[in-house]
Amino acid sequence: MATVQSATGPIDTAELGFTLMHEHVRVGWPAMYQQYPELFDRDEEIERAVTRLRAAKDAGVQSIVDLTPIDLGRDATLIAEVSRRSGVNVIVATGFYYSIPFHFLMRTNDEMTALMVRDITEGISTTGVRASVIKCATEPELTEINERVLRASARAARQTGVPVCTHTYPANRTGLDQQRVLKEEGLDLGRTVIGHSDDSEDITYLEEIIENGSYCGMDRIGIPRPRTSEQRADMVAKLVEKGYAERITLSHDSCCNFHWAPPGLIDTAVPSWRLTHLALDVIPMLRERGVSDAAIHTMTVENPRRLFENSSLH
Ligand SMILES: [Zn+2]
């Protein structure tokens with residue numbers, strides 16, 4: 001039996017089931033929590049997330065991967081409580097966003113790698129929660145400091161066997177930059193998901209990502225810009241028709257609690273950006289476009305399981 005560490009402890013990878021590969025329980029800006037704690041109601045955040053994850057569960061979602069990086073307010077204890085109360089498995093991430101990680105400006109890459117490895121092998125701080133995936137991000141383009149983060153992430157992934165899932169800016173084809181750096185560090189690209197690829201309208205870019213060996217993260221489904229859900233479904237269907245179902249993951253990049261906007265704004269302005277959109281609205285669109293149930297199962301169940309199953313750490 002292969003196991004993966006979830007927010008609530010080890011689970012059999014067979015239990016992952018229908019898995020959303022890129023979501024968030026909470027995204028914020030940690031300086032605000034630290035300086036203005038009175039602006040935040042933790043209990044309310046937990047309630048909101050539990051409600052949303054229960055709705056996702058009712059729609060058939062069994063697991064989500066929370067790709068919130070350290071510097072956007074990852075909170076392992078909050079995630080674990082939400083997972084326990086909703087009954088949805090949550091995989092927790094370590095790693096950094098594309099902002100400049102000032103803490104490491106005059107430190108070594110090895111220090112960055114060591115902290116990620118500790119999150120994965122021992123647990124995050126004193127929470128007892130172990131990360132099982134590494135997030136990294138490149139936007140709007142690869143910079144010197146971002147390249148250091150990518151190299152440190154690749155090394156942590158090689159040491160632990162967990163997958164790397166990224167955030168890209170496809171307009172600048174930064175997925176290809178990430179692949180080059182990760183590969184230079186000796187990482188098997190078959191252990192990487194190049195995320196936000198569905199923001200691209202260029203199928204040759206996506207084919208290049210897949211032919212280089214990575215999974216293509218079609219994981220912003222429901223965000224109407226730069227591509228509508230119909231356009232994103234069209235692209236998924238085209239890639240499946242070309243035989244790439246085994247290299248595609250599907251998700252929304254949605255946030256149960258999103259502090260970059262005033263409360264309620266996103267729900268009103270972007271109602272499709274939610275955890276149930278894929279299962280309830282987009283899978284029917286894929287079927288209409290000729291995508292088979294077997295291919296849908298491959299993208300939503302088998303690919304996530306394969307990514308977490310190959311971890312050398314159980
Ligand atoms: Zn995200």
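This dialogue explains how to read several features of a predicted model.

Reader: I should like to begin with the interior. Which residues of the largest nonpolar core touch the most other members?

Author: In soluble globular proteins, nonpolar side chains tend to be buried together. In this model the largest nonpolar core has 85 residues, and Val92, Ile134, Cys216 and Ile248 touch the most other members. Helix H5, residues 144-160, supplies the largest share of this core, with 6 residues.

Reader: Which residues does Val92 touch, leaving aside those up to four places away in sequence?

Author: With those left out, Val92 is in contact with Ala7, Asp66, Ala76, Ile79, Val129, Ala131 and Ser132.

Reader: I turn now to pairs of helices. At what angle do H8 and H10 pack, and how far apart are their axes?

Author: Helix H8 spans residues 229-241 and helix H10 spans residues 277-288; they pack at about 45 degrees, with axes 9 Å apart. Angles from 65 to 115 degrees count as roughly perpendicular and those under 35 degrees as roughly parallel, so H8 is oblique to H10. The crossing of H8 past H10 is right-handed.

Reader: Which residues make this contact, and how do they divide by character?

Author: On the side of H8 they are Ser229, Glu230, Ala233, Val236 and Ala237, and on the side of H10 they are Asp281, Val282, Met285 and Leu286. By character, 6 residues of the contact are nonpolar, 1 is polar and 2 are charged.

Reader: How is the pair H2 and H3 to be read, by angle and by distance between axes?

Author: The reading proceeds in the same order. Helix H2 (residues 42-58) and helix H3 (residues 76-86) cross at roughly 45 degrees, and their axes come within 9 Å. These two helices are therefore oblique to each other, and their crossing is right-handed. From H2, the contact is made by Arg42, Glu45, Ile46, Ala49, Val50, Leu53, Arg54 and Lys57, and from H3 by Leu78, Glu81, Val82, Arg85 and Ser86. The residues of this contact divide into 6 nonpolar, 1 polar and 6 charged.

Reader: I should next like to consider the backbone. Where is the peptide bond cis, with omega near -5 degrees?

Author: Most residues other than glycine have a negative phi, and most peptide bonds are trans. Here the bond from Glu139 to Pro140 is cis, with omega near -5 degrees. Pro140 lies in the loop between strand E6 (133-137) and H5. The bond from Arg225 to Pro226 is also cis, with omega near 0 degrees, and Pro226 is in the loop between strand E9 (215-218) and H8.

Reader: What is the phi of Arg173, and what is the phi of His196?

Author: Arg173 has a phi near 55 degrees, a positive value in a residue other than glycine. Its place is in the loop between strand E7 (164-167) and helix H6 (174-184). His196, also a residue other than glycine, has a positive phi near 65 degrees. This histidine is found in the loop between strand E8 (192-194) and helix H7 (203-211).

Reader: Is His196 buried or exposed, and how does Arg173 count?

Author: A residue is buried if 20 or more other C-beta atoms lie within 10 Å of its own, and exposed if 12 or fewer do. His196 has 23 other C-beta atoms within 10 Å, so His196 is buried. Arg173 has 16 C-beta neighbours inside 10 Å and therefore counts as partly exposed.

Reader: How far apart are Arg173 and Glu139, in sequence and in space?

Author: They are 34 residues apart in sequence and 9.8 Å apart in space, C-alpha to C-alpha.

Key
Residues numbered from 1 in each chain as written. Predicted model: local features only at pLDDT ≥ 70, side-chain atom pairs only at ≥ 80, totals over all residues. Core = buried A, V, L, I, M, F, W, Y, C linked by C-beta atoms within 7 Å. Helix = DSSP H or I, 4+ residues; strand = E, 2+ residues; numbered from the N terminus. Contact = placed C-beta atoms within 7 Å. Axes fitted to C-alpha atoms, helices over the stretch in contact; angles between N-to-C directions. Parallel < 35°, antiparallel > 145°, perpendicular 65-115°, else oblique. Left-handed = near helix turned anticlockwise from the far one by under 90°. Nonpolar A, V, L, I, M, F, W, Y, C, P; charged D, E, K, R; others polar.
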